[in-house]
Amino acid sequence: MLKAHRPFQPVILGGDIGAYALARELNDSFGCTSILVTAYYPRAIQESRILTRRYFKRANEAEPLAHELIRIAQGIRRKQPTLPLLLLANTDWRIDALSRFRPQLEDYYIVPIPQRRTIDQVINKQNFARIAHSVGMRVPTTFYQDFSHADDSAWQPKPLPNDMSFPVVAKPADSSTYEQLSFPGRQKVYRIENQDQLDRLWQALRRAGFRSTFLAQQLIPGDDTCMYSVTAYVDRRGTVTMMSAAHVLLQEHHPAMLGNPCAMITEPLPELTEPAQRFLQRVDYHGFANFDVKRDARDGTFYFLEINPRIGRNSYYCVGAGINPMDVLVDDVIDEKQRPEGRADRLSLYTLVPRFLLRRYVQPDTWRTISSLYRSGNVVNPLHNPRDASLKRRRRIMAIELGLVKKFRTYYPQQTETGF
């Protein structure tokens, strides 16, 4: 049953699974058709009835994208001058672009992202570590390599500190500065085994023109099943109206997608959600946030790796856990309703992969839980949408799933103790 609400028009940036999930969450609750602004046309949105694709060739350039969004808004306003426009994004680069052009965009759109000062505060990994320690979160030992002066011929990377040892995990300190970069061997996250590998990475980044900060983080032992996700929404009053957590079962292993969960179990995890709430309240946060967490396989200690100032690619797991994230957003910024604190912690399986593929990678005790969830129907996949299930659409989804099977055969043919 659709919810009563003030009419509005969603405009979503991007066209991947994360963007489709937002469109589906909005359609599930409100029946609306979202406009997706994208330069590409991946299978995740092809043949969909719940969205309208707006092609824009320069959608990966911030200023042209902002101008195009204003043109879209002006076109809608000419026909419906009082209709609220809700602008959403779900990658770090796009959130950064919206933040940079927020003053101009807010003349036309509701832009429900954290304030720039808050984004800058939390995506800086050194600030994140300091705030995390202050609220009782553990974070891994981390080293920061600054490339801002790498154009200088005399520049040399700094060595790892003595309190760190290999292997380490290397990744950008701010993903928005790395998302658009392209070079041979590029990966989302790097497992570095020795100094030679680290030196080669530093030089590749320098040659590619990376001029921000990369970090090397002490590797926390454990495979994919040691990863966790926490997703939250904080309304305009500072109330955490949604908090949900999920235990990762399997992540993607294609180099460009490494670390993206593709199967998770939602469950009550107060040892994660409570410190996450303290963190958000400490920095006066407003909007969606997503935390990446890893459990040390040796002793069970949870380490908070980072916060993303967005809802996250796998936001649909919150629906399986009991709360549609777009319900809390629309209540807050469209209908201006006050909601109490909310927890979404129903046991459910969120998956993007076929059942037989998931079975290959999980342990027998975990598979018993998964089988029970399949039997009870507590399984969600944003792409398996009964309202968006034409024959052509189903063929597209089948192609996505077969592509995942092929990627796992190529990049992760069997489970490892490290997840690499």
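Buried means under 20% relative accessible area, exposed means over 50%, and partly exposed lies in between (1.4 Å probe, protein chains only). The model is predicted: local features need pLDDT of at least 70, side-chain atom pairs count only at pLDDT 80 or more, and totals for chains, interfaces and linings use all residues. Residues are numbered from 1 along each chain as its sequence is written, and side-chain values use heavy atoms, with hydrogens and water left out.

**Exercise 1. Place Ser-99, classify its accessibility and list its partners.**

Step 1. Helices (H or I, at least four residues) and strands (E, at least two) are DSSP runs, numbered from the N terminus. Ser-99 sits in helix H3, residues 92–100.

Step 2. The relative accessible area of Ser-99 is 8%, so Ser-99 is buried.

Step 3. Contact means heavy atoms within 4.5 Å. Setting aside neighbours within four places in sequence, Ser-99 contacts Ile-113, Arg-116 and Ile-119.

Step 4. A polar contact is a pair of N or O atoms within 3.5 Å; within protein, one must be able to donate a hydrogen and the other to accept it, and residues adjacent in sequence count only if both atoms are side-chain atoms. The side chains of Ser-99 and Arg-116 make such a contact at 3.3 Å.

**Exercise 2. Do the same for Asn-290.**

Step 1. Asn-290 belongs to strand E12.

Step 2. Its relative accessibility is 8%, so Asn-290 counts as buried.

Step 3. Beyond four places in sequence, Asn-290 touches several residues, including Ser-229, Val-230, Thr-231, Glu-306 and Tyr-317.

Step 4. Ser-229 is also a polar partner: the two side chains make a polar contact at 3.1 Å.

**Exercise 3. Analyse Gln-197: is it buried or partly exposed, and what does its side chain reach?**

Step 1. Gln-197 lies in helix H7, residues 195–208.

Step 2. A relative accessible area of 25% makes Gln-197 partly exposed.

Step 3. Outside the four-place window, Gln-197 touches Arg-191 and Ile-192.

Step 4. A polar atom of the Gln-197 side chain lies 2.9 Å from the backbone nitrogen of Glu-193.

Step 5. Now take a long-range pair. Gln-197 and Val-37 are 160 residues apart in sequence and 38 Å apart in space, C-alpha to C-alpha.

**Exercise 4. Find the unusual backbone geometry.**

Step 1. Recall the background: most residues other than glycine have a negative phi, and most peptide bonds are trans.

Step 2. Check omega. The peptide bond from Phe-166 to Pro-167 is cis, with omega near 5 degrees. Pro-167 is in the loop between strand E5 (142–146) and strand E6 (168–172).

Step 3. Check phi. Glu-47, not a glycine, has a positive phi of about 60 degrees. Its loop joins strand E2 (34–38) and strand E3 (51–55). Glu-47 is partly exposed at 29%.

Step 4. Asp-284 also has a positive phi, near 55 degrees. Asp-284 is in the loop between helix H8 (270–282) and strand E12 (287–295). Its relative accessibility is 48%, so Asp-284 counts as partly exposed.

**Exercise 5. Describe the nonpolar cores, then follow Met-326.**

Step 1. A nonpolar core is a set of buried Ala, Val, Leu, Ile, Met, Phe, Trp, Tyr and Cys residues joined through side-chain atoms within 4.5 Å.

Step 2. The largest core has 66 residues, and Leu-26, Met-326 and Leu-358 have the most contacts inside it. Helix H1 (residues 17–30) gives the largest share of this core, eight residues.

Step 3. A second, separate core has 57 residues, among them Ile-72, Tyr-228, Val-240 and Val-283.

Step 4. Met-326, beyond four places in sequence, touches residues including Leu-22, Leu-26, Phe-30, Leu-88 and Phe-288.

**Exercise 6. Characterise Val-328.**

Step 1. Val-328 lies in helix H10.

Step 2. Its relative accessibility is 1%, so Val-328 counts as buried.

Step 3. Val-328 and Tyr-233 are 95 residues apart along the chain, yet their C-alpha atoms are separated by 7.6 Å.

Step 4. Tyr-233 is among the contacts of Val-328 beyond four places in sequence, along with Thr-241, Met-242, Ile-323 and Arg-339.
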